[in-house]
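Me: Please take a close look at a single strand of the model shown here. I should like to know how it is covered, which strands lie alongside it, and where those connections lead.

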Amino acid sequence: MISTPSDPRPPTRRSVLAATTAAALVTAGCATETRRPEAETTEDHASGTTSGTRATQARQRGVSDPQPRYAVVAAHDLASDLRGPDGTTALRRLLDRWTALPLPDGTTRTVALGPALYRKLGLTAPDRLHDIPALSRDRLDPDRGGGDVLVQLCGDDPEALRALSRRLGTTAAGTLVSRWDERGFLPDRPRDETPRNLFGFKDGTENPSTAEADQWVWNADGSTYLVYRRIHMDVSDFEALPRGRQEAVIGRYRASGAPLGAQRERDQANLYAKTAQGRYVIPVDAHVRLAHSRLDGGARMLRRGYSYDNGADDRGLLFLAYLRDPALFTRVQERLDLSDAMNKFVEHRASAVGYVLPAGDSASLLGG
């Protein structure tokens, strides 16, 4: 049912034209990260310096940046009386106003467009922008997912993030209508350590390096895609398992984060190692095995998850993944849906997908 994919396709002429049209709408003046395409880049891993010969491409912040402790993720829909050219004009004006709003120190703002927005505005969506197909274990609440405009705010001051989110919503009155918002957090930790989720395990160890992100996350024009999932976690039942059983479910040691059978967190998971009794060291239904990039031709996604906690009955993960093609997420999730041992303890309750436009200046992206 699941085939091994080839490398993500480069952007087609149609998708580039769609991106150019959509780029006339948003991300003007957003804080940017400037990078060079992988094909034209060499990187000194020891020094972390990058050199290249091509013009730089502007990327939105809040994707590859180190994760601050807090996040607010929100979705908005286009006002019902705005469609076509009128909606395009109104949205352009709104995003100009959003751009003018100052960001608190250390805060990033990332904006993405959902597939329904393109239809409402009469624009051609990028080729890969589609809602995630329904999966058998999904229990999705439509009021907590989807959205025409997705906004991710990240920073170390939760009150400042909430105030900024409210201000964006107030500024959007008449153009966008709030659809949903979620607040996430990371446990206190040294900034260079992988964060832990509510199950107590490190989450994000397999994220791509800077060089790998140039290949698997970013398109050459500075765009990418966002997949959002609100995942409920049954923390009490998982914590009731013996430590060894928890580790078998995940496929990693809880304390170190190392794959089973390895010593260090970033050691490669050996999917073929067996015990003296002939059993796989990493069980066949372990989450790490089923989600491994080796099963997808090496293709990777950048996971930027945040925990949420609204009380004992509503706790879990705000899963945010950035990748060149959302179809990769679908392939991985289909495998997990079939036989992941973690399925007993998690439930996907909301979903959204968006096209993260290249960042740039107002004159070039908003048509002057």
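Reply: What follows is a connected account of one strand and its setting.

The model is predicted; local features need pLDDT of at least 70, side-chain atom pairs count only at pLDDT 80 or more, and totals for chains, interfaces and linings use all residues. Residues are numbered from 1 along each chain as its sequence is written, and side-chain values use heavy atoms, with hydrogens and water left out.

The chain holds ten helices and 13 strands (DSSP runs numbered from the N terminus: H or I, at least four residues, for helices; E, at least two, for strands). Of its 368 residues, 53% are buried (under 20% relative accessible area, with a 1.4 Å probe and protein chains only). Among contacts with a separation of 6 or more, 79% join residues 24 or more positions apart (contact: heavy atoms within 4.5 Å).

The strand chosen is β9, residues 224-233, where ten of ten residues are buried. Both of its faces are covered. One side carries T224, L226, Y228, R230 and H232, and the other Y225, V227, R229, I231 and M233. Charged arginines thus appear on either side, R230 on one and R229 on the other.

Strand β9 pairs with two others (pairing: at least two DSSP bridges between the strands). Ten bridges join β9 to β13 in an antiparallel arrangement, and V353 of β13 is the bridge partner of V227. Another eight bridges link β9 to β12 (residues 315-323), again antiparallel; there Y228 has L320 as its bridge partner.

Through β13, the account reaches the second largest pocket, which encloses about 260 Å³ (an open set of points on a 1 Å grid over the protein atoms alone, where a 1.4 Å probe fits, with protein on both sides within 12 Å along at least five of seven lines; lining residues have an atom within 4 Å of a point; the volume is the space filled by probe spheres set on the points, which are joined across faces, edges and corners). Of its 16 lining residues, D131, G145, G146, G147 and S351 are the closest to the centre. The elements giving two or more residues to this lining are α3 (115-121) and β13 (346-356), and β13 gives the most, with four. By class, the lining comprises eight nonpolar, four polar and four charged residues (nonpolar: Ala, Val, Leu, Ile, Met, Phe, Trp, Tyr, Cys and Pro; charged: Asp, Glu, Lys and Arg; polar: the others, Gly among them).

Conventions
Buried means under 20% relative accessible area, exposed over 50%, partly exposed in between (1.4 Å probe, protein chains only).
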